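Reader: I should like to learn how to read a structure of this kind. May we go through it step by step?

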Amino acid sequence: MKVVETIKAVRNEVIAAKQTGFSIGFVPTMGYLHEGHVSLIEAARKDHDFVVLSIFVNPLQFGPNEDLDRYPRDFQRDEKIAQKAGVDVIFYPSVHEMYPTNMPMSIHVTSGVDVLCGSSRPGHFDGVATVVMKLLQIVQPNEAYFGQKDAQQLAIIMNMVEAFNVPVNIHGCPTVREEDGLAKSSRNVYLTNEDRAEAPFLYEALKEGANLILSGETRRSVILAELENRLGTGSGRIDYVDVLRYPSLEQSEQLSGKVILAVAYFYKNARLIDNYIVDIQEGEK
Ligand code: AMP
């Protein structure tokens, strides 16, 4: 496994791999790798001959009062995990390598951002779309892998690739969870013991809401009230909870087709997000 820090070097690696006839799988991350990231790497490894992992904590996607400075980082640990998971090249650029000047332009996401993390983190998805577009242009993979854990992000990236005709396949991977149901996240390290013990109730609430839908309740307001009730018993604070069509993220009182139940929840030191997607017609997740 190689570690490269420049755009030129990662491009050379990819060009050489393509010249050998290899197909390229790409996994963009912000590092502090966990089993969720590893599942993406493994999916890419299964489908492709050559796997590129990027590790870059992207300043553009953090708001002024968010956790950019204290976002967990441990490159040496990440390197070991990546090697074991079968990564061929880690692209580990500096902020200066990615943004040598003030960006003269950025991608402004205009659809699907008035809800969920888009409304609670203004500008966040413009930052995500801009860095992912840059990374896709730099690496030029055949396929890029993203987690359903960040379901709104996945929907926006799929829209972006379609809107800008980027020749890449976007692959969504299921959320990897701890044994007690808590979605794996780099930010889980911020949780106090008490918060960590309570946090699985987020997933429990989403599952209960999903079960209500699957047992025939299709009024959004009823499901939402149930979720709010259940989440109201926690010791933290709800940032948002919503029930929307997926992947359009449209609001509709009468739920049908694919539906996402999504929550963002503040503990003292961490904001956690999770979601559950049900297909009403198919009757399953
Ligand atoms: P991050 O490093 O948090 O920006 O995440 C990098 C990629 O890993 C994104 O596509 C995330 O959706 C994905 N990811 C993060 N947590 C999980 C998880 N628990 N299960 C599956 N994918 C995940």
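Reader: Which element gives the most to the shell around the ligand?

Author: First, a word on the source: this is a predicted model, in which local features need pLDDT of at least 70 and side-chain atom pairs count only at pLDDT 80 or more, while totals for chains, interfaces and linings use all residues. Residues are numbered from 1 along each chain as its sequence is written, and side-chain values use heavy atoms, with hydrogens and water left out. Helices (H or I, at least four residues) and strands (E, at least two) are DSSP runs, numbered from the N terminus. Here H2 gives the most, with three residues.

Reader: How many residues surround the ligand, and which are the closest?

Author: A residue is near a molecule or strand if one of its heavy atoms lies within 4 Å of it. The ligand is surrounded by 17 residues, the closest being Met30, His37, Asp150, Val176 and Lys184. The shell consists of seven nonpolar, seven polar and three charged residues. In this scheme Ala, Val, Leu, Ile, Met, Phe, Trp, Tyr, Cys and Pro count as nonpolar, Asp, Glu, Lys and Arg as charged, and the others, Gly among them, as polar.

Reader: Which polar atoms lie at 2.9 Å from each other at His37?

Author: A polar contact is a pair of N or O atoms within 3.5 Å; within protein, one must be able to donate a hydrogen and the other to accept it, and residues adjacent in sequence count only if both atoms are side-chain atoms. At His37, an N or O atom of the side chain is 2.9 Å from an oxygen atom of the ligand. For the side chain of Asp150, the distance from an N or O atom to a ligand oxygen is 2.6 Å. A polar backbone atom of Val176 lies 2.8 Å from a nitrogen atom of the ligand.

Reader: Does His37 count as buried or exposed?

Author: Buried means under 20% relative accessible area, exposed over 50%, and partly exposed in between (1.4 Å probe, protein chains only). His37 is found in helix H2 and counts as buried because its relative accessibility is 12%. The unreviewed UniProt entry annotates His37 as "active site"; such annotations may be inferred rather than shown by experiment, feature names are shortened, and positions follow the numbering used here.

Reader: Where does Gln61 lie?

Author: Gln61 is in the loop between strand E3 (50-55) and helix H3 (75-85). With 10% relative accessibility, Gln61 counts as buried.
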